[in-house]
Amino acid sequence: MVEGENLNEVVNLVTKTIISASDASIPKSGLSFPKNRKPWWNKYCTDTNRDQRRAWNVFRRHPTLANQRAKSIARWARRKSERGHWIKFVSGINSSATAKEMWDNVRRACGIYPEKRISCLRKNGQEVRNISEMVDALAEAFASICSASNYTEPFLTHKNCTERIKLRFQTTKHLSYNTDLTIFELHTALSVIKHTSPGPDEIVGKHAFIIPIPKPGKDPQDPLNYRPIALTSCMCKLFERIVNVRLVHILEKNEYISPFQNGFRKSRSTIDNLMSLETDIRVAFLKRNNLVSIFFDIYKAYDRTWRYGIMKNLYDLGFRGNLPIFVQNFLKQRFFRVRLRNTYSNIFCQEEGVPQGCVLSVTLFILAINPILSVIPQTVQKNLYVDDLHISCYARNMQLIERQLQTAINNIVEWSNKSVFTISAQKTICIHFCKRPLHPDPELFLSGVPIRFQDNYKFLGIVFDKRLTFLPHTASLLKRCLRSLNILRTLSNTSWGADRSCLLRVYRSIIRSMIDYGSVVYGSARPPYLKRLDYVHHQAIRLCLGAFRTSPIPSLYAEAFEPSLSSRRDKLSLSYYFRILSNDNHPLRGTLLNGNNNRLFNARPSCIPHFGLRMRNILPDTFHDIKVHTNDFCGHPPWMENSISYINPFRNFTKSDSNNSVLISLFNQHRQFYQSYQPVFTDGSKSLNHVGCAYFTNGHIISYKLHSFTSVFSSEITAVYFALKYIDVHDIRKSILYTDSMSLLESLRSSSTRNPLIKEIKDFYRHLLSKGARILFS
């Protein structure tokens, strides 16, 4: 415990103490990286190389054939050593290695190394090769991007006038999100933290190390083509994570974030944006309308975000007290140094923007850009994934589409000028979706510049074409997958190589994941287009299993425990379908449940139905009447403990190694200790066609029949839920619930479970505790 009158002095003392202890106990690396050695080089290579040099020295004085022979032997020794080392290296990728070791070896085998060294940069038209000058050039470029001098003169005038109004977040009211941090929040934050790179050794977190990451497809010699990733101190990251969870909970609980923003939200993903666009296009084609969609590009969105605008949004939403004050201090006076290998640049100030790589940055940026959706007219469909905005409008009259979209564009430009976001007219793309090119493209302008029309556009990883055939996307996906198949060819061989389980893991992680992404969207393409991807699937399984080319496809599926791509697309689509139905606030939920266009789709079989109708055609009739349980994703405050502990009298014993009499004796001792608690025994079971649950107490057995699709785990949960209902109805003050499901008890103890039934049990459990009941689990 450190005490003092001045808080800053106490913080500095604690920081210096931690740093001095780290310096004394943690060894530091040198200032330069060691020279890369050839891992296959051995003593025989050294000897033959020495013999070759000696023969060359003799050859210069007395030319003979001995030099050529020594050179050949040295070359043969190196090649043999390389091949032997490669065989041993690849064969070491097996199931006995850990996941990290396996993936590190796979990356090395593919020539992928963790750090790509920057060899040269251009500054003012001149090449810079000295590493000290390169880090300063990168730092100057990053500082210039986030400088307030990039703002326009009208906005600078508006900024100076507006920032004179001080935002007073101090309050005397008791607000729950301003309560002291709890040990439960600390444990939760530590449980989800990853092994990431640490930043500067400090607690405040105002300074950051910037790691430059090159943008793909850009000139690596231009300092502006690098993404600045900020590394802050571990303590600051931990504190940010706790504050971010609280902030997100309040924003989601009060529905402050627009439902059309899908970025970094629970139960949301990029697929929601893609599915919304695909559904609108399918409906427009069904009604024989034209649909025009615009994809906006915001230039340097993170780096030029107006910080005062973020705080003004928080103030207008009613945030007061410690939480907004911490966010305000977090954004003020931030400094950074660029790190390249072990060389650091001078210290620069980040005037505006949110630091990329920080935990809070995404949430604060979403707050800054959230009002843009409110200025778009209701007649125009809109969706936003962080800063990827697209709007669309469909109608039969092209002039109507042009007026609606131009109004929306003007509103977006007007709002962006007030909020200092810059929309790039060169990168903003428009697509006119139509089955038949009977109508000309509309004329749309962004700040006086005409918007370009294209036939194809890659939006969030999926290529949309104007007829929505997804043929360009499947062709691009096939090309990427075929290139990635070389990884399996490299790692597999008939007599040596990685084992089957590792090869299948590599395939599922690298190749199949590319096929899975967006499959619920592009899965609506015609079957001949989708069958082109089957070749990749079958060839990859053959490489993993070492099977012959003539091996039947069904036998490959059975041997590798892999379904066909069509079955997997159906599985992923159904999972996504029920995930949408379980969220009451999802913007696509109404579209999936709306059956207004079903008869029209059935009358026009040439039109591909939208996602909701496709799923209803896949599902059996028995599923149509099932009620999907909805989830409350922000029901419990994160600063309140949300776990239920349990008592395990057999924790030091196993059933297979213990005598039954010993276990009975332990249970009798346990019951004698808790004899004042009324026991309630619960259980759930499942047979071939029947599922049920029951609980026993006071000599009475109460049983229930459940739906045949219910799992055993759900039946165990349901039994506990009905037992709690019994305790509530009969007003039992002290009770203990027994179950034989350890997975159920662990789910109750976990604070991060997403099972809606577990959440209901926890809510009902807290309700009984508030009424004075004492309930234990065992």
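This report describes a sheet, two nonpolar cores and one arginine in a predicted model.

**The sheet**

Five strands make up an open sheet with mixed pairing, and their order is β10-β11-β5-β13-β16. At the edges lie β10 and β16, each of which pairs on one side only. Strands β5 and β13 run antiparallel and are joined by 5 bridges. One residue pair across these strands is isoleucine 294 with its bridge partner in β13, cysteine 430. Helix α13 packs on the sheet, where it touches β5, β11 and β13. The direction of α13 makes about 155° with that of β11.

The residue ranges of some of these elements are as follows.

| Element | Residues |
|---|---|
| Strand β5 | residues 290-296 |
| Strand β13 | residues 429-433 |
| Strand β11 | residues 388-395 |
| Helix α13 | residues 398-419 |

**The cores**

In soluble globular proteins, nonpolar side chains tend to be buried together. The largest nonpolar core here has 148 residues, and Leu364, Ile391, Phe464 and Leu488 touch the most other members. Helix α13 supplies the largest share of this core, 8 residues. Domain 2 (130-464) and domain 3 (465-623) each contribute at least three residues to this core. Leaving aside neighbours within four places in sequence, leucine 488 is in contact with residues including Leu503, Val506, Tyr507 and Ile511. A second, separate core has 23 residues, among them Leu724, Ile758, Leu768 and Ile775.

**Arginine 108**

Arginine 108 belongs to helix α4, which covers residues 99-109. Arginine 108 counts as partly exposed because its relative accessibility is 42%, which lies between the limits of 20% for buried and 50% for exposed. Its C-alpha is 9.9 Å from that of phenylalanine 89, and the two are 19 residues apart in sequence.

Key
Residues are numbered from 1 along each chain as its sequence is written. This is a predicted model: local features need pLDDT of at least 70, side-chain atom pairs count only at pLDDT 80 or more; totals for chains, interfaces and linings use all residues. Side-chain values use heavy atoms; hydrogens and water are left out. Two strands pair if DSSP finds at least two bridges between them. Helices (H or I, at least four residues) and strands (E, at least two) are DSSP runs, numbered from the N terminus. Contact means heavy atoms within 4.5 Å. Axes are lines fitted to C-alpha atoms, for helices over the stretch in contact, and angles run from 0 to 180 degrees between N-to-C directions. Buried means under 20% relative accessible area, exposed over 50%, partly exposed in between (1.4 Å probe, protein chains only). A nonpolar core is a set of buried Ala, Val, Leu, Ile, Met, Phe, Trp, Tyr and Cys residues joined through side-chain atoms within 4.5 Å. Domain bounds come from an automatic or database domain assignment.
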